[in-house]
Amino acid sequence: MDYLPPQQPAYANVPQPIRKDGAGATDLGPRDVMRDLENPDLLVPPATDAGTVPNLKFSFSDTHMQLNHGGWSREVTVRELPIATTLAGVNMRLTQGGVRELHWHKQAEWAYMLLGRARITAVDQNGRNFIADVGPGDLWYFPPGIPHSIQGLEEGCEFLLVFDDGSFSDIDTFSITDWFAHTPKDVLASNFGVPESAFDGIPTEQRYIFQSTVPGSLDSQKVPDPYGTVPLSLTYRMLAQTPIKTPGGSVRIVDSTNFPISTRIAAALVEVLPGGMREMHWHPNNDEWQYYLTGTARMTAFAAEGEARTFDFRAGDVGYVPFAFGHYIQNTGNQSLWFLEMFQSDRFADVSLNQWMALTPHELVRDHLHASPELMQALRKQKWPVVKYEGTPKPL
């Protein structure tokens, strides 16, 4: 068969890698036009982009789906996004009664409930137990080594799990069924003081996620504990928190100051209204791991040494910003943009470019930037995490 030259895809308004200043040329070869449409700032980078900033984006839609009776899971780790060394994420769905089996791991687990309701359980090293129901916008946190479980309630559930290790994999956990399956039955019998026959029906491998029945009411499930319950709550109602509101949107911050058990992961839930922008800023404590919940966004990360790169995001995408990189995030759509910022830290911290300039001697700022009086007068001493600008963001 003779080779046929590539044909232009049959789409209307096919984007081309040509900047407004004339740089670039048409792409007539084999291409994924739908992918180009989703990533306009990769196809036509802003003229201000430069250098070799690594990839800072990966979509959960491009991950491997682990399917089980009772639910599914998929993950973004350093395997999928090599730059993301501090945190890893797992997106999980459980059916009505579906169970993420009793297990523990070496990493801290922080979770955000996306949809539905779930019941969680845990027991700490002092024999104190915890059981609670969680719904949309709620968080939970399990410290490293603490055994726990998750089960979907009547409507099932979906949630995001975040772990304080970029190389973490949710399959690589310490599961109760896996341990039983790999322990001689005479040892099990001795440990629990029952005959070996009591273990004739145990699973032969890890169950991970499995289907069960919807549990009864929370009160009916509680187990009286002579040692009491876990002293610090393992859950937090993030959406019940009064947000910081600015003209461009809102921010809710959760860290060890208001969720004391969460000592290894801090987070912010950000809303950016149409025509709004997460202001130019950076984080002085650690890398930022992002999860986009709704809307569409554009982020430029400034890496110093004349390097910067722009990425486009939509719901289900993971973004990453290395430590101290300057960045901003624009809402490029006509609906509210919601996303999570997460950090391997006990505290949330950011530095505002606007506030830094406002609190620095004005003559010094003017001399650096040849700043106009209009700019100097507009500087704010108060931090606005989300700012507003007129109109809709246009291609850069």
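Which residues touch the most other members of the largest nonpolar core? They are Trp110, Trp140, Trp289, Tyr291, Leu340 and Met342, in a core of 54 residues. A nonpolar core here is a set of buried Ala, Val, Leu, Ile, Met, Phe, Trp, Tyr and Cys residues joined through side-chain atoms within 4.5 Å. Buried means under 20% relative accessible area, exposed means over 50%, and partly exposed lies in between (1.4 Å probe, protein chains only). Strand E6 (residues 109–123) gives the most to this core, with 8 residues. A second, separate core has 21 residues, including Ala268, Val270, Ala301 and Phe311. In soluble globular proteins, nonpolar side chains tend to be buried together.

The model is predicted: local features need pLDDT of at least 70, side-chain atom pairs count only at pLDDT 80 or more, and totals for chains, interfaces and linings use all residues. Residues are numbered from 1 along each chain as its sequence is written, and side-chain values use heavy atoms, with hydrogens and water left out.

**Strand E9 and its partners**

Strands (E, at least two residues) and helices (H or I, at least four) are DSSP runs, numbered from the N terminus. Strand E9 spans residues 148–163. Of its 16 residues, 14 are buried. Two strands pair if DSSP finds at least two bridges between them. The table lists antiparallel partners of E9.

| Partner of E9 | Bridges | One bridge pair |
|---|---|---|
| E4 (residues 88–94) | 7 bridges | Ala88 with Phe163 |
| E5 (residues 99–104) | 3 bridges | Arg100 with Ile150 |
| E6 | 12 bridges | Ala118 with Gly152 |

**Around Asp133**

Asp133 sits in strand E7 (residues 129–134). Is Asp133 buried or partly exposed? Asp133 is partly exposed, because its relative accessible area is 25%. Contact means heavy atoms within 4.5 Å. Leaving aside residues up to four places away in sequence, Asp133 touches Arg117, Ala118, Arg119, Leu153 and Leu218. The side chains of Asp133 and Arg119 also share a polar contact of 2.6 Å. Such a contact is a pair of N or O atoms within 3.5 Å; within protein, one must be able to donate a hydrogen and the other to accept it, and residues adjacent in sequence count only if both atoms are side-chain atoms. Ile150 is 17 residues from Asp133 along the chain, and their C-alpha atoms are separated by 9.6 Å.

**Annotated spans**

An unreviewed UniProt entry carries the annotation "domain: Cupin type-1" for residues 58–200 and 236–377. Residues 58–200 are 10% helix and 48% strand, with end C-alpha atoms 44 Å apart. Residues 236–377 are 13% helix and 49% strand, and their end C-alpha atoms lie 40 Å apart.

Key: UniProt positions are given in the numbering used here, feature names are shortened, and annotations may be inferred rather than shown by experiment.
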